[in-house]
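Please open the model in a viewer with residue selection enabled. The tour proceeds one selection at a time.

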Amino acid sequence: MAPATPFLPTATDEKTLRPSFIRDEDERPKVAYNQFSDDIPVISLAGIDEEEEGEGGEKRKEICRKIVAACEDWGIFQVVDHGVDAELISEMTRLSKEFFALPPEEKLRFDMSGGKKGGFIVSSHLQGEAVQDWREIVTFFSYPIRARDYSRWPDKPEGWKSTVEWYSEKLMNLACKLLGVLSEAMGLDKEALTQACVDMDQKVVVNFYPKCPQPDLTLGLKRHTDPGTITLLFQDQVGGLQATRDGGKTWITVQPVAGALVVNLGDHGHYLSNGRFKNADHQAVVNSNYERLSIATFQNPAPEAIVYPLAIREGEKPVLDEPITFAEMYRGKMSKDLELAKLKKMAKMEQQEVLKKAGEVTAQPKALNEILA
């Protein structure tokens, strides 16, 4: 007997969500996918490469000031005039949509479940998820170049490999430029944050969020902060990216801006700045009207890179007790996330068992009364 095909959100016409996708009430969306906010700044990078002296220098200083303020406030902002060709973004978008429109068996040739490094999967590559996210993803590990495993890069649609290579290079260059701004703001050399990554790696994650039958019960991507240094995200015009800065009490939906890239600072960047720059706390919601596409490039430090503040301002204490490697930091973060999810799941099961027993207890006297009547 042939093995059953895994469930794919893109290949279902079910009218209700499967239990594995239903989130607890406190994790469900509070704000609609299209209830947009303009709280997240949109910053033009036109002039950022000007010389620091003269009129051009003043323009550059203003751009840098806006970037620093956004990182101190939200840890998230959008950039336009960023130098990434619109035609390249359009081609990445077209190829991505074509991939997710392939038959399930074509996508599953690159199934990355079971720990494979790169490829296609539903929800997340993390093992032991308590609840699944309503999305399909395809991942490419693109930097360092010597570590690329093209056997894990899907071979359809034609032309995707060369486009991803080009896109990866442009996004890596932009990320390093933005890290240079933050390095200078910390009073360090422009290369300080990039060098702290040792040998920066980059992971491209293409997210596809299909229409969802019950979007009020689930998430496209659960609440989290990125573990790495800096993330650049292209999102289409549908909407669904949400951010919070009060621990999840209130949420805003980031306004999609044509041609813009969203910049999220991750945990590594947060720690290197000694907490001065926020690690963006975010999630993605889905809807029943439109499918949504986003393309994220995660710039992360090498596993052996040391995580510890590079600059500690007067009167501050280090946000970390002692230096650790990024590999240790990442493992600790993932283990904590999975353990919290596991504990929450166990608590929910125990609560259901208590309610069930309480129901049996209250039901028993009623039955006896009926018998004795």
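The stops below cover a helix, a sheet and a pocket.

Please bear in mind throughout that this is a predicted model.

**Stop 1: helix α2.** Select residues 86-100, which form helix α2. How far apart are its end C-alpha atoms? They lie 21 Å apart, in agreement with the 21 Å that 15 residues should span at 1.5 Å a residue. Next, add Asp-85 to the selection: at the start of α2, one of its side-chain oxygens comes within 3.0 Å of the backbone nitrogen of Glu-87. Then colour the buried residues of the helix, namely Leu-88, Ile-89, Met-92, Thr-93, Leu-95, Ser-96, Phe-99 and Phe-100. When viewing this pattern, recall that an α-helix has 3.6 residues a turn, so residues three or four places apart point the same way.

**Stop 2: the five-stranded sheet.** Display the strands in the order β1-β10-β9-β12-β7; they make up an open sheet with mixed pairing. Which strands are at the edges? Selecting 36-37 shows β1 and selecting 221-224 shows β7, each of which pairs on one side only. Now add residues 281-284, strand β12, which runs antiparallel to β7 and is joined to it by two bridges. To locate a bridge, select Leu-221 together with its partner in β12, Ala-284.

**Stop 3: the second largest pocket.** Select Ser-113, Ile-121, Val-122, Ser-124 and Gln-132, which are the closest to the centre of this pocket among its 16 lining residues. The space enclosed there is about 220 Å³. By class, the lining comprises eight nonpolar, six polar and two charged residues.

Technical notes:
Residues are numbered from 1 along each chain as its sequence is written. This is a predicted model: local features need pLDDT of at least 70, side-chain atom pairs count only at pLDDT 80 or more; totals for chains, interfaces and linings use all residues. Side-chain values use heavy atoms; hydrogens and water are left out. Helices (H or I, at least four residues) and strands (E, at least two) are DSSP runs, numbered from the N terminus. The expected span of a helix is 1.5 Å times one less than its number of residues. Buried means under 20% relative accessible area, exposed over 50%, partly exposed in between (1.4 Å probe, protein chains only). A polar contact is a pair of N or O atoms within 3.5 Å; within protein, one must be able to donate a hydrogen and the other to accept it, and residues adjacent in sequence count only if both atoms are side-chain atoms. On a 1 Å grid over the protein atoms alone, a cavity is a set of points where a 1.4 Å probe fits but cannot get out, and a pocket is an open set with protein on both sides within 12 Å along at least five of seven lines; lining residues have an atom within 4 Å of a point. Grid points are joined across faces, edges and corners, and a volume is the space filled by probe spheres set on the points. Ala, Val, Leu, Ile, Met, Phe, Trp, Tyr, Cys and Pro count as nonpolar, Asp, Glu, Lys and Arg as charged, and the others, Gly among them, as polar. Two strands pair if DSSP finds at least two bridges between them.
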